[in-house]
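Here's a quick tour of a protein model, from its overall build down to a pair of backbone oddities. Have a look at the fold first.

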Amino acid sequence: MGDVVAKQIRAGDSATFIYLTAGDDGRDSVYWRTRERAALQSTRIAIGRDAADSAAARCSAIAVLEHVIQRCVIERTESYFLRLPDGKRNGAGFSRHDFQSLRKLRGKKIATITAIDGSTTYSGWEDLMATASKLIGSSSATRDNAIHASDPSIAANPHDHFDHRMAGLLVDDLRRKERWTNAQYYAGYALASRAANRSPDQARVKTAIFLAYDNEMKRVDKRWSAYNEHPAFYGECMLRTYARKARSLGGR
């Protein structure tokens, strides 16, 4: 969704990014903290500025419904890092964090989930939903806010990471509860198998946002390049963005 979000920000809209998991892949804090800095580098490119030291972002820990969350501000964007455990692609979780995952939390296989830095614990899916709603801003979401999320549908978005799917399901649960009407669901790993649909300018923007992230990862450890790991796949993804509007709340 990078090119879509960049277009809106550059047109003057503000944007809130919510990162539910740390994306830690069962690794230590050096890895996931680098991913946070890399995400902020991508945000800067989406705004339209040249990438600079990501330390320039104004970051601080804030309390939201009694949960401590890392908040970073760059111009008219806010990024929230909840630092929940990476659930692994299949939602089983990693041993480093006692096999906790969003999939298990929503399915009531676990009663709580704790941020990997120990900053807070969420006492169930409803608690996480309430926190996300607070961050998005439920008072205006039905009118002015457009919600963008991974497509939770296995049929529409096959083979995706379960953390991505859970993010989509969180939005889907919230929009039904809060009566949000403007939500877009995006294809993830299934992108590369679809027809290219980005213009050259859109592809350049999307590629620049992705490379800002990837270059920050490589700056710390060259082995952490997502592009180098799957160059053909990511090259194809830069030429594609597929989204569908969430069904009306009266639909089935």
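What follows goes from the whole chain to two loop residues.

This is a predicted model, so local features need pLDDT of at least 70, side-chain atom pairs count only at pLDDT 80 or more, and totals for chains, interfaces and linings use all residues. Residues are numbered from 1 along each chain as its sequence is written, and side-chain values use heavy atoms, with hydrogens and water left out.

The protein has nine helices and nine strands (DSSP runs numbered from the N terminus: H or I of at least four residues for helices, E of at least two for strands). Its radius of gyration is 17 Å, close to the 18 Å from the globule rule for 252 residues, so the protein is as compact as a globular protein of that length (taken over C-alpha atoms; the rule is 2.2 Å times the number of residues to the power 0.38). Along the principal axes, the C-alpha atoms fill a box of roughly 45 × 45 × 35 Å.

Buried residues make up 47% of the 252 (buried is under 20% relative accessible area, exposed over 50%, partly exposed in between, with a 1.4 Å probe and protein chains only). Of the contacts between residues at least 6 apart in sequence, 67% join residues at least 24 apart (contact means heavy atoms within 4.5 Å).

Now for the backbone oddities, neither of them a glycine:

| Residue | Positive phi | Loop between | Relative accessibility |
|---|---|---|---|
| E66 | about 70° | β2 (58-64) and β3 (67-74) | 79%, exposed |
| K108 | about 60° | α3 (102-106) and β5 (113-114) | 73%, exposed |
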